[in-house]
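Dear colleague,

I am passing this structure on to you, and below it you will find an account of what turned up when I went through it. Please look at the model first and then read on.

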Amino acid sequence: MIETAMRRAIAASAAARGTSSPNPPVGAVILDSDGLVVGVGHTQPPGGPHAEVTALRAAGAKALGGTAVVTLEPCNHTGRTGPCAQALIDAGVAAVHYGVDDPGPTAGGGAATLRAAGVDVTSGVLEAEVRRGPLRAWLCRHEYRRPFVTAKMAATLDGRIAAPDGTSQWITGPRSREHAHRERAAVDAIVVGTGTALSDDPSLTARRPDGSLYVHLPTRVVLGHREVPARARLRDGTSQFVQVDSHDPRAVFDALPDALHVLVEGGPSIIGAFLAADLVDELHVYLAPMILGAGAAAVDETSVSTLAQAHRFGRESVTELGDDVFVRLVRALD
């Protein structure tokens, strides 16, 4: 029962991706005294209620004597909102089960506060699954003091992103593009280089199949020295635009101090630069069932000269998207 509720909490937390930053995207489920789900919630945008409070409001009086299942240890501090540990105590819950300890020195300690109030507390519930879920980017920032970085490629089976004459629309099909736009809507920022910005004039918005914009639009970032003209679609005011006058990928992080998750969309030189700097945590690879045999490659990374130096990733999931295949890979452990 608790594991089922935790998986529901993980699923609920996905709705907070991209909108909760710099707060963690947490999910919470409240069970009544009979074990029935009576409240589900996720972290709201900064200044709004946290996941536990959202779920408690949904549960109302049914939370009394019940159980809270939360992806992250309930917070123990007062910021723009009150401490979630105290909210759970005030609601009269009898037990709290959570996945991951809060690593922060300020917000941590909620478990001790709950236990001191007589609440039964269990930690580490489905911890591996929670760490692989929407909390992954926030945990990365705490561990490495930088955002979680995903590099996206849409390519042919032989790794080409454009034909020799430069044509590239569309290598992948509509379902892949729809999926990619959903991913854009769940990150804090999208990064491209000046080459892509000037040659393709992309909008880098997150759009639904009908052309309408998602509610959350990531910050659009261009890395490089050449100026992006005022008439460019990136500067149309739809969402925030930032130009980072550098070729150093780490300079992007300085320009995005609150970002948890950054998506690098290209071109091949920018993806290569992030790989060479050992800053890619995840790959999103959309493979189309075609072979070009020539044309632009998906990645331009010149520091690798032998197989032993290859950037290695582990397969996390494979999904069919129409005729295409989407492969999600994560940084391989040493």
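Two strands are said to pair if DSSP finds at least two bridges between them, and it is in this sense that the sheet described next should be read. The model is a predicted one, which I ask you to keep in mind throughout.

In this model, 5 strands form an open sheet with mixed pairing, and their order across the sheet is 2-1-3-4-5. Strand 2 (37-42) and strand 5 (120-122) stand at the edges, and because each has a single partner strand, one side of each is left without a neighbour in the sheet. On average, and with direction ignored, neighbouring strands of this sheet are turned by 15 degrees against each other. Within the sheet, strand 1 and strand 3 pair in the antiparallel sense over 4 bridges, and V29 has V69 of strand 3 as its bridge partner.

Turning to the interior, the largest nonpolar core has 40 residues, and those that touch the most other members are M6, I30, L88, V96, L114 and L135. Among the elements that give two or more residues to this core are strand 1 (27-31), strand 3 (67-72), strand 4 (95-100), helix 2 (51-59) and helix 3 (84-91), while helix 1 gives the most, with 5 residues. In soluble globular proteins, nonpolar side chains tend to be buried together. If neighbours within four places in sequence are left aside, L88 is in contact with E52, L56, A68, P74, V93, V96 and L114. Another core, of 29 residues, lies apart from the largest one, and its members include M153, A155, A189 and V244.

How do helix 2 and helix 3 pack, and at what angle? Their axes are 9 Å apart and the angle is about 20 degrees, which means that helix 2 is roughly parallel to helix 3, given that angles under 35 degrees count as such. Helix 2 passes helix 3 in a left-handed crossing, and the contact is made by E52, V53 and L56 of helix 2 together with C84, A87, L88 and A91 of helix 3.

Helix 6 also deserves a look, since R136, A137, W138, L139, C140 and R141 in this helix are buried; the helix is followed by R145, whose phi is positive, near 60 degrees.

Further along the chain, strand 13 (residues 324-331) has 6 of its 8 residues buried, so this strand is largely enclosed by the rest of the structure. Strand 13 pairs with strand 11 (residues 282-288) in the antiparallel sense over 6 bridges, and here H284 has R328 as its bridge partner. Strand 13 also pairs with strand 12 (residues 313-321), again in the antiparallel sense, over 8 bridges, with V327 as the bridge partner of V318. Strand 12 and strand 13 form a hairpin with 2 residues between them, and G322 in the turn has a positive phi of about 65 degrees.

Finally, is L275, which belongs to helix 10 (residues 268-276), buried or exposed? Its relative accessibility is 8%, and because buried means under 20%, L275 counts as buried. Not counting residues up to four places away in sequence, L275 touches V280, V299, E301, H311 and F313. From C-alpha to C-alpha, L275 and E227 are 24 Å apart in space, and they are 48 residues apart in sequence.

With kind regards

How values were computed
Residues are numbered from 1 along each chain as its sequence is written. This is a predicted model: local features need pLDDT of at least 70, side-chain atom pairs count only at pLDDT 80 or more; totals for chains, interfaces and linings use all residues. Side-chain values use heavy atoms; hydrogens and water are left out. Buried means under 20% relative accessible area, exposed over 50%, partly exposed in between (1.4 Å probe, protein chains only). Contact means heavy atoms within 4.5 Å. A nonpolar core is a set of buried Ala, Val, Leu, Ile, Met, Phe, Trp, Tyr and Cys residues joined through side-chain atoms within 4.5 Å. Axes are lines fitted to C-alpha atoms, for helices over the stretch in contact, and angles run from 0 to 180 degrees between N-to-C directions. Angles under 35 degrees count as roughly parallel, over 145 as roughly antiparallel, 65 to 115 as roughly perpendicular and the rest as oblique. A crossing is left-handed if the near helix is turned anticlockwise from the far one by less than a right angle, and right-handed if clockwise.
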